Amino acid sequence: MAGKVKWVTDIEKSVLINNFEKRGWIQVTENEDWNFYWMSVQTIRNVFSVETGYRLSDDQIVNHFPNHYELTRKDLMVKNIKRYRKELEKEGSPLAEKDENGKYLYLDFVPITYMLPADYNLFVEEFRKSPCSTWIMKPCGKAQGKGIFLINKLSQIKKWSRDSKTSSFVSQSTKEAYVISLYINNPLLIGGRKFDLRLYVLVSTYRPLRCYMYKLGFCRFCTVKYTPSTSELDNMFVHLTNVAIQKHGDDYNHIHGGKWTVSNLRLYLESTRGREVTSKLFDEIHWVIVQSLKAVAPVMNNDKHCFECYGYDIIIDDKLKPWLIEVNASPSLTSSTANDRILKYNLINDTLNIAVPNGEVPDCKWNKSPPKEALGHYEILYDEELAQGDGADRELRSRPGQPLGPRGSRSRDSGKGILTTWK
Amino acid sequence: WAANHKTSLQRPEIKLESLKEDIKEFFKLSGWEKKLQNAVYSELSVFPLPSHPVAPLEHLKEPLVYMRKAQASWEKRILKSLNSMCTELSIPLARKRPVGEQKELLNKWNEMGTDEPDLSHFRPVYAPKDFLEVLINLRNPNYENGDSLSFRTHLGLIQVPLKVKDIPELKEFFIELGLNTGQLGIDDSTQVPPELFENEHVRIGQQVLAKQDTAAAQQYIRQGSPTALRADLWTLILNISCQPEDILYYEQLKTNVIQHDLLVDSLIYKDVKLTASNDDYYFVFEDYLYQVLLCFSRDTSVLGHFTYNSASPPKSYIRGKLGLEDYAVFYPPNGVIPFHGFSMYVAPLCFLYHEPFKLYQMFREMYVRFFFRLHSISSHPSGIVSLCLLFETLLQTYLPQLFYHLREIGAQPLRISFKWMVRAFSGYLATDQLLLLWDRILGYNSLEILAVLAAAVFAFRAVNLMEVTSLAAAEAVLADLSTLKVMPLLQIFLFATVT
């Protein structure tokens, strides 16, 4: 099947189009025969919807899984993780071990979250346990920090109360659904500023799970100094790290865009906190990502025509514990600085090299195992097939930068045994 | 110290006959012997060797008259520039803040970066290139090179006859950077199994820290410092201990900042905004830079370093009392006028120290030991003049074709590398590389490595540089050093190039 790859996209971003063109691919429209379609999340809904859905042929690849929202919608992600934890608990897995307070030792990586209005009463019960706590309200279906606000009083969310007679709010409409999570008010601060981590994770298949972590993630800093004081709850520049919000702050800088590379973060943490705790933090981050993928793997439609590049948002607290905030199906491809543009261009480039090997017309029946040289800045985060090949024990050993299996080569982190750092 | 330990000496085991031995033993056991050793070692590293008893004090600062004169006239120029800015803008050099303003500043102490005063009228007092022009015009009036032009003629910009090391001497001086010695920055890369060097090196580093031995730490760090140990090693080498008095002193400086506003504050503010705030690595620490530099300019203890610095603190006079020594004050109080890029001396330290008073102490010590030499005119081997000459000589001797080519197209190499050396490469290299470089500055107690690295960079990019035909194009080839790995460059230049 010779011939150039025919591509379509409904996202007009130069980092995408430049990558297609440099491979000599041919642009076509959606109605023609296409091989590769970089879709927006709205389009993927249509492609796979029961009514209009059409069958993809073997030489067609798309960049989303049909039901990616199991991971990328805030409420569904939490639901799936809770379900996963209960299942592990039921089967007596050591991963589901709890401490004396009933908190999961290894699977407590999502802040306490409730759906509103469905879990309103449960939330109120929890809220009353620590009435001075701050909670963050996020609309389930929105992105870029839209519609998010903080509350520290029950009165601020009265209208989500199910019993409320004054509620004009029709709870069944999923568009208006919110999640409310315990706000992490002790984030790790650097230079007095709050930041979060954006990491890119590529999933080529869910069963068996094969995922890659992009080495060039970054930290997004708030332009204003962090203060947990209640008077600043309304100041979104203090609390939300989304670039879409920070861009409008007075101090936003267009040279560095308030971003730091993950390697800067690592250098800083190792220098000020030491190597062991830093390695442990990064191990935990990888662990969190893999567990979140495993949680949704059973419910994911593992369509062989699909791959997906997620944007993971993680916050680190001042005890160096990582928290998974959310996963984005369509991470922004807009570039806010020159460095950004280069990073995103390379991200797409490396993603395409893995998803569409050799830049040739794809055959979705292939084994989805690219050679090591094609990974670019990606490294294997977890490969279930390889892990299972060496026994169930190895499932715990997915360390990035290390080919899995008995001949694990040198890792950048401490030379200690892998199991000791995971558990 | 004596008061604290008097009681321990009053114990019955201590007898008058063996007092001397007992005290010595006590020193050893209590760790004071080590502390004294470290202190003495540090003093030796900083102060010049004992000189002739009759030599006047200014010879300690700088033995060569023409250098002293040049430095003095440069200082006059800077001060004049500062004073005229003052007059132009009608801003006093110093003023006491009204109480309201003091309160406001105190509240904003941790986020001075968010302040946006109008700094458009302020200009940096000088930039490195202004200083370079002064150095280019330095001449030794006692030196007459009667020979006609020959291969010995120095083709560079610096025309003073100072002694600088050649490569054989550098190889001996930097012997620990040799090919057969393990290095961090080379032998800890992912391809090298850590058992070969890194693990053992880390272990030794931990032992050095446990022993708290300054001299050992200085020797150790020549092979580079493990990231996790660096903050403590630098503290040990510079013999900094954070005593309560030190924290108190820093708080006192902070109070001075709150109470008085200095003109140099605006210069500092502007410098940070122009440099560190725009830097990919250091923008995060903007607020710490103000907290350090504003206090620094009020720290009169810094005046102490002028005994061995060829520079002298600028003097100003209380209004109306010009020329009356009784009314002379040093301005700024620490005697150091910041120039464009000054804040970049502090920025890399923010990766190591996150408590402002610790950061402050480390920066101050680095300044009075090393950085001051990069912007004062002297004959010291680590002074900027010697570094420039060393750089040019290395290039002319070992890369003559390149040197000649660049000179021909009007791109004197020093014009490009000067700013790297003045800033000790801060803001030009990636931070992890910069820290490996500064490890060696501390290890060898010398800034000569800056000149060697500058030459090594030119050697590395020689092929591209040979193709350029203008200064601008040469600058472009050397504009981005952020991907360079310093240790391999240095090692190859010193030890693996045919000379």
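Among contacts in chain A between residues at least 6 apart in sequence, what percentage join residues at least 24 apart? It's 67%. Keep in mind that what you're looking at is a predicted model.

Let's stay with chain A for a bit. Its secondary structure adds up to twelve helices and 16 strands. The chain runs to 423 residues, and 58% of them count as buried. As for the outside, chain A has an accessible surface of about 19000 Å², with 50% of that belonging to carbon and sulfur atoms.

How sure is the predictor? For the complex, the ipTM is 0.88 and the pTM is 0.86. Chain B has an average pLDDT of 88, and 92% of its residues score at least 70. Confidence varies along that chain, though: among its elements, helix α20 of chain B (residues 448-460) has the highest mean pLDDT at 97, while helix α1 of chain B (residues 2-9) has the lowest at 56.

Now for the place where the two chains meet. Chain A brings 24 residues to the contact and chain B brings 32. Together they bury about 2400 Å², and 54% of that area lies on carbon and sulfur atoms. There's also some polar chemistry here: four residue pairs across the interface are in polar contact. The salt bridge count between chain A and chain B is one, and you can find it where the side chains of A:R275 and B:E198 come together, at 3.4 Å from N to O. On the chain A side, β13 (259-261) and α8 (262-273) each supply at least two of the residues that touch chain B. Helix α8 of chain A gives the most to that side, with six residues.

Definitions and conventions. Residues are numbered from 1 along each chain as its sequence is written. Chains are lettered from A and ligands numbered from 1 in the order in which they are written. This is a predicted model: local features need pLDDT of at least 70, side-chain atom pairs count only at pLDDT 80 or more; totals for chains, interfaces and linings use all residues. Side-chain values use heavy atoms; hydrogens and water are left out. pLDDT is the predictor's confidence in each residue, from 0 to 100. Helices (H or I, at least four residues) and strands (E, at least two) are DSSP runs, numbered from the N terminus. Buried means under 20% relative accessible area, exposed over 50%, partly exposed in between (1.4 Å probe, protein chains only). Contact means heavy atoms within 4.5 Å. Accessible areas come from the Shrake-Rupley method with a 1.4 Å probe; for residues, only the protein chains shown count as cover. Buried area is the accessible area (1.4 Å probe) that two parts lose on being put together, summed over both. A salt bridge is a side-chain nitrogen of Lys or Arg within 4 Å of a carboxyl oxygen of Asp or Glu. A polar contact is a pair of N or O atoms within 3.5 Å; within protein, one must be able to donate a hydrogen and the other to accept it, and residues adjacent in sequence count only if both atoms are side-chain atoms.
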